[in-house]
Amino acid sequence: MTENASNTILLLNGPNLNLLGTREPEIYGHDTLADVEQLARETAAALGFELRALQSNHEGVLIDAIHEARTTAAGIIMNPGAFTHTSVAIADAISGVQLPAIEVHISNVHKREAFRHHSFISPVASSIIIGAGVHGYKLAVQQLSHLLGK
């Protein structure tokens, strides 16, 4: 871990989350990805952390960021989007880096289509926040800070 890695949180957002604010606002609300990142960044700063944010529609980019976090971050917050239900590779990456990881979903996936009820990420996540809207990102930062003992 680098010198400031213990003060860095990696925030990852998966596919289609770049469309927040315009994609199905009745489900995901009107806040944009920039709004989400700003909320998480402000919450992190208040708790003594820096936040690095990345959104990608590409699984390999997210996996590479998770691997890099081994030496650059104290923990990970991730909304894997649709990869939640399909990506053993992301679950393996999270498990492999051995960092605390919080899984976040804006909507209550258990009230939605049956395929959204299964997560490959949940078994390797330290905590899961589901259905709290974008406020879930703030809760995730607070929970990660708690897990890190700050």
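**Exercise 1. Place T43 and find its distant partners.**

T43 counts as buried, at 9% relative accessibility. Buried means under 20% relative accessible area, exposed over 50%, and partly exposed in between (1.4 Å probe, protein chains only). The model is predicted: local features need pLDDT of at least 70, side-chain atom pairs count only at pLDDT 80 or more, and totals for chains, interfaces and linings use all residues. Residues are numbered from 1 along each chain as its sequence is written, and side-chain values use heavy atoms, with hydrogens and water left out.

Step 1. Locate the residue. T43 sits in helix α2, residues 33–46. Helices (H or I, at least four residues) and strands (E, at least two) are DSSP runs, numbered from the N terminus.

Step 2. List the contacts. Leaving out residues up to four places away in sequence, T43 touches K138, V141 and Q142. Contact means heavy atoms within 4.5 Å.

Step 3. Check the separation. T43 and V141 are 98 residues apart along the chain, yet their C-alpha atoms are separated by 6.7 Å.

**Exercise 2. Describe the nonpolar cores and the place of L51.**

Step 1. Define the set. A nonpolar core is a set of buried Ala, Val, Leu, Ile, Met, Phe, Trp, Tyr and Cys residues joined through side-chain atoms within 4.5 Å.

Step 2. Find the hubs. The largest nonpolar core has 21 residues, and I9, L20, L51, I77, I102, I106 and V141 touch the most other members.

Step 3. Name the contributors. β1, α2, β4 (101–105) and α5 (135–147) are the elements that give two or more residues to this core.

Step 4. Look at one hub. Not counting residues up to four places away in sequence, L51 touches I9, L11, E37, A40, R41, A44 and V141.

Step 5. Look for a further core. Another core, of 19 residues, lies apart from the largest one; among its members are A65, I66, I76 and I90.

**Exercise 3. Determine which side of α3 and which side of α4 is buried.**

Step 1. Take the length of α3. The helix has 14 residues and reaches 20 Å from its first C-alpha to its last, close to the 20 Å expected at 1.5 Å a residue. The expected span is 1.5 Å times one less than the number of residues.

Step 2. Pick out the buried residues of α3. They are L62, I63, A65, I66 and A69. Seen down the axis of α3, they fall within an arc of 160°, so they line one face. The arc is that of the directions from the helix axis to the C-beta atoms.

Step 3. Find the cover. It includes β1 (8–13), β2, β3 (75–79) and α4 (88–97).

Step 4. Repeat for α4. Here I90, A91, A93, I94 and V97 are buried. These also fall within an arc of 160° seen down the axis, so they line one face of α4. They pack against α3, β3 and β4. The face turned away carries the exposed residues D92 and G96.

Step 5. Leave the helix. Q98 follows α4, with a positive phi near 55°. Q98 lies in the loop between α4 and β4. It is exposed, at 70% relative accessibility.

**Exercise 4. Trace the polar contacts of N13 and H105.**

Step 1. Place N13. It lies in strand β1 and is buried, at 0% relative accessibility.

Step 2. Find its polar partner. The side chains of N13 and Y137 share a polar contact of 2.6 Å. A polar contact is a pair of N or O atoms within 3.5 Å; within protein, one must be able to donate a hydrogen and the other to accept it, and residues adjacent in sequence count only if both atoms are side-chain atoms.

Step 3. Place H105. It lies in strand β4 and is buried, with a relative accessible area of 6%. Its side chain makes a polar contact of 2.7 Å with that of E103.

Step 4. Relate the two. The C-alpha atoms of N13 and H105 are separated by 10.0 Å, with their positions 92 residues apart along the chain.

**Exercise 5. Find the salt bridge and say what it joins.**

Step 1. Count. The structure holds one salt bridge, meaning a side-chain nitrogen of Lys or Arg within 4 Å of a carboxyl oxygen of Asp or Glu.

Step 2. Identify the pair. R52 pairs with E68, and the closest N and O atoms are 3.6 Å apart. R52 is in strand β2 (residues 50–55) and E68 in helix α3 (residues 59–72), so the bridge ties together parts 16 residues apart in sequence.

Step 3. Check exposure. R52 is partly exposed, at 31% relative accessibility. E68 is partly exposed too, at 41%.
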